[in-house]
Number of protein chains: 2
Amino acid sequence: MSVFIGTFENKVDRKGRVSVPAPFRQILATSVFQGIIAFRYTTPNAMEACSLEFMERLDQGVSDFNLFSDEHDDLAFSIFADSHQLPFDGEGRVIMPAPLIEITGIDARAAFVGKGQTFQIWEPEALQRRKAEARIRTRDQKLTLRLRRDDGGGSQ
Amino acid sequence: MSVFIGTFENKVDRKGRVSVPAPFRQILATSVFQGIIAFRYTTPNAMEACSLEFMERLDQGVSDFNLFSDEHDDLAFSIFADSHQLPFDGEGRVIMPAPLIEITGIDARAAFVGKGQTFQIWEPEALQRRKAEARIRTRDQKLTLRLRRDDGGGSQ
DNA sequence: TGTGCTCCCATTGACACCCATCAGATCCCA
DNA sequence: TGGGATCTGATGGGTGTCAATGGGAGCACA
């Protein structure tokens, strides 16, 4: 197992803790950092999450721009500055940081959505709406899945 | 753990001391010099910071991003001359040097912003403005994150 | 003698760690 | 094939520990 697959909905307790789904934790088991990195990216109402290793590879990608260049600054800000390192507790839970709760509107429950090398965390109802939209759009546009020629480094 | 991630806002006490966030300190724990190097670079209203080791790599020009190779003298002037070596006290705090306070406009609070291999220290409100800018600009320019083609070590 | 800095100690509040319970799935065996 | 035993994952809650902060005592240097 190496990719995040499936959707799981878990409870957020009054301390702000959520269990990261066991299948996801299993994928992260080999990571040096026992936990997840959560950050905001383009999708509104959702936060992205990944392993620390994935983040480090992003960093190297960013560094291919010149360090201290404007592009690097902007990207570093958008990604690293608004990232949160969330360690697992003994039971595989993480604490939802306040800023991310605000962005996502997560309250009593959180939905974990696999996206391959990363996953997202949603407020369940917002996720439902998003899924409905996606269904309609794919039907209308008759989008089909295309397998990508395998070359290793997929982007996001 | 090897990259500076996240934003942390701490108080500056009347002696000019600030706690360096614990996660950052942990990354610096293996450094020979127990403290941080703070210096001014192009970003107005902010100071850059890193470990002593990172500074040495800059100096040798062996950093991954072959940085300023032509302009080493300029680099030496703009960075090394205005660098400050700030040791931790017993509680992991550093003292903000007057010149850097002046540049950044830091007063009662200071925000530590992870940028991967380095981090920045900001006056919190100036940081908010900068973050908003960065977000707009990355969206407008459609800058996207790219994973560097994986050089072997790819875990997950 | 005064100023500035470095240790050192006290306080506090958050959260990391620990343990208990509960629900669902699987297995075992009569 | 049905019922109990077992296991794992999800959830709830208590408490000790540590990070952040404030302040004071001692020391160096002017």
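I counted a residue as near a DNA strand if its C-beta atom, placed from the backbone, lies within 6 Å of it. I note at the outset that the model is predicted.

**Entry 1. DNA strand C**

I looked up which residues surround DNA strand C. Chain A supplies Pro87(A), Asp89(A), Gly90(A), Glu91(A) and Ile95(A). From chain B, I listed Lys15(B), Asp89(B), Gly90(B), Glu91(B) and Ile95(B). I then sorted this surface by class and obtained five charged, three nonpolar and two polar residues.

**Entry 2. DNA strand D**

I turned to DNA strand D, which has 19 residues around it. Those that come nearest are Asn10(A), Lys11(A) and Asp13(A) from chain A, with Asn10(B) and Asp13(B) from chain B. By class, I recorded nine charged, six polar and four nonpolar residues on the surface near DNA strand D. I also asked which strands of the protein supply at least two residues each to this surface. I found strand E1 (7-11) of chain A and E1 of chain B to do so.

**Entry 3. The sheet of chain B**

I traced the sheet of chain B next. Six strands make up an open, antiparallel sheet, and I read their order as E1-E7-E8-E4-E3-E5 (chain B). Why is one side of strand E1 (7-11) and of strand E5 (84-87) of chain B left without a neighbour in the sheet? Both stand at the edges with a single partner strand each, so one side of each remains without a neighbour. On average, neighbouring strands of this sheet are turned by 30 degrees against each other, direction ignored.

I followed E1(B) to strand E7 (residues 109-114) of chain B and found the two to run antiparallel, joined by five bridges. Within this pairing I noted Glu9(B), whose bridge partner in E7(B) is Ala111(B).

**Entry 4. The sheet of chain A**

For chain A, I again read an open sheet of six strands with antiparallel pairing, in the order E1-E7-E8-E4-E3-E5 (chain A). Its edge strands are E1 and strand E5 (84-87) of chain A, each of which pairs on one side only. I recorded an average turn of 30 degrees between neighbouring strands of this sheet, direction ignored.

I examined the pairing of strand E3 (residues 35-39) with strand E4 (residues 46-50) of chain A, which is antiparallel and comprises three bridges. Ala38(A) has Ala49(A) as its bridge partner in E4(A).

I finally looked up what packs on this sheet. Helix H5 (residues 124-141) of chain A does so, touching E1, strand E7 (109-114) and strand E8 (119-122) of chain A. I noted that the direction of helix H5 of chain A makes about 40 degrees with that of E7(A).

Technical notes. Residues are numbered from 1 along each chain as its sequence is written. Chains are lettered from A and ligands numbered from 1 in the order in which they are written. This is a predicted model: local features need pLDDT of at least 70, side-chain atom pairs count only at pLDDT 80 or more; totals for chains, interfaces and linings use all residues. Ala, Val, Leu, Ile, Met, Phe, Trp, Tyr, Cys and Pro count as nonpolar, Asp, Glu, Lys and Arg as charged, and the others, Gly among them, as polar. Two strands pair if DSSP finds at least two bridges between them. Helices (H or I, at least four residues) and strands (E, at least two) are DSSP runs, numbered from the N terminus. Axes are lines fitted to C-alpha atoms, for helices over the stretch in contact, and angles run from 0 to 180 degrees between N-to-C directions. Two residues are in contact if their C-beta atoms, placed from the backbone, lie within 7 Å.
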